[in-house]
Amino acid sequence: MPTSQPRRWPVALVRVLALITLLQVLLQAALAGGFISGHVGYLTAHSVNGSLLVLTVMALGVATILLFRPGRGPWWPILLSAVLWWMVAVQVGVGFARLVGLHIPLGASILALTGAFAWWSFSYRPRPVTA
Ligand code: HEM
């Protein structure tokens with residue numbers, strides 16, 4: 001049966017956005033470390049980066065839709081990015097509500113999920129499409 005190569009750009013887009021998301025989450029932990037150590041100004045940067053993260057994960061969601069079609073990739077990254085978006089939105093709310101006991105474990109969970117997804121995106125190889 002004849003096969004054709006799937007488009008490469010959707011997976012490249014997912015990789016770029018997964019990497020930016022991971023870097024932003026790591027930056028959140030570093031900024032949190034900064035203001036816990038007494039540098040109050042870092043809290044503003046943590047707040048701004050947290051709000052920008054909501055937008056980055058939204059863009060990641062769009063990229064996972066494009067990976068599915070036209071990229072012919074798996075569907076589950078769409079669900080994963082929707083769950084991640086919801087977690088980040090809750091995290092912003094929990095941060096402003098100062099519920100630190102919930103905010104730190106949720107932050108660690110977001111970091112674990114983001115790291116695992118970035119790793120997957122770089123190890124994923126699009127399969128040839130059967131015509
Ligand atoms: C993962 C994504 C994260 C997001 C979106 C996020 C977002 C936020 C936001 C919006 C605030 C409120 C800022 C303000 O009051 O102006 C906040 C506060 C805070 N965040 Fe995060 N954060 C994240 C991760 C983390 C992590 C990993 C840690 C610690 C390891 C952390 C520790 C804190 C602390 C200690 C506060 C201050 C709470 C207080 O004022 O009592 N955050 N965060």
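Visitor: What makes the approach of His103 to a nitrogen atom of the ligand a polar contact?

Guide: This is a predicted model, so every distance here comes from that prediction. In the model, a polar side-chain atom of His103 lies 2.7 Å from a nitrogen atom of the ligand. A polar contact needs a pair of N or O atoms within 3.5 Å, so this pair qualifies.

Visitor: Which distances put His46 and Arg98 under the polar contact cut-off?

Guide: For His46, a polar side-chain atom is 2.8 Å from a nitrogen atom of the ligand. For Arg98, the partner is an oxygen atom of the ligand, also at 2.8 Å. The limit is 3.5 Å, so both pairs count.

Visitor: How do you know that the iron atom of the ligand is coordinated by His46 and His103?

Guide: Look at the NE2 atoms of the two residues. They coordinate the iron at 1.9 to 2.0 Å. A nitrogen within 2.8 Å of this metal counts as a donor, so both residues are in. His46 is in helix α2, residues 42–68, and His103 is in helix α4, residues 100–123. The two are 57 residues apart, so the pair links distant parts of the chain.

Visitor: Why is the iron site called octahedral?

Guide: The site has six donor atoms, with angles of 86 to 179° among them. Six donors count as octahedral if opposite donors are over 155 degrees apart and all others lie between 65 and 115. The site meets that test, so it is called octahedral.

Visitor: Are His46 and His103 buried or exposed?

Guide: His46 has 13% relative accessibility. His103 has a relative accessible area of 17%. Buried means under 20%, so both residues are buried. Across the protein, buried residues make up 37% of the 131 residues.

Visitor: What makes a residue part of the group around the ligand?

Guide: One of its heavy atoms must lie within 4 Å of the ligand. There are 16 residues around the ligand. Gln28, His46, Gln91, Arg98 and His103 come nearest.

Visitor: Which helix gives the most to that shell?

Guide: That is α2, with five residues. Each of α1 (9–36), α2, α3 (76–96) and α4 supplies at least two. The protein has four helices and two strands, in the order β-α-α-α-α-β from the N terminus.

Visitor: Where does the ligand sit?

Guide: In the largest pocket. To be placed there, more than half of its atoms must lie within 2 Å of the pocket's grid points.

Notes
Residues are numbered from 1 along each chain as its sequence is written. This is a predicted model: local features need pLDDT of at least 70, side-chain atom pairs count only at pLDDT 80 or more; totals for chains, interfaces and linings use all residues. Side-chain values use heavy atoms; hydrogens and water are left out. Donors are N, O and S atoms within 2.8 Å of the metal (3.2 Å for Na, K and Ca); water is not among the atoms, so sites may look incomplete. Four donors count as tetrahedral if all angles lie between 85 and 135 degrees; four count as square planar and six as octahedral if opposite donors are over 155 degrees apart and all others between 65 and 115; anything else is irregular. Buried means under 20% relative accessible area, exposed over 50%, partly exposed in between (1.4 Å probe, protein chains only). A polar contact is a pair of N or O atoms within 3.5 Å; within protein, one must be able to donate a hydrogen and the other to accept it, and residues adjacent in sequence count only if both atoms are side-chain atoms. On a 1 Å grid over the protein atoms alone, a cavity is a set of points where a 1.4 Å probe fits but cannot get out, and a pocket is an open set with protein on both sides within 12 Å along at least five of seven lines; lining residues have an atom within 4 Å of a point.
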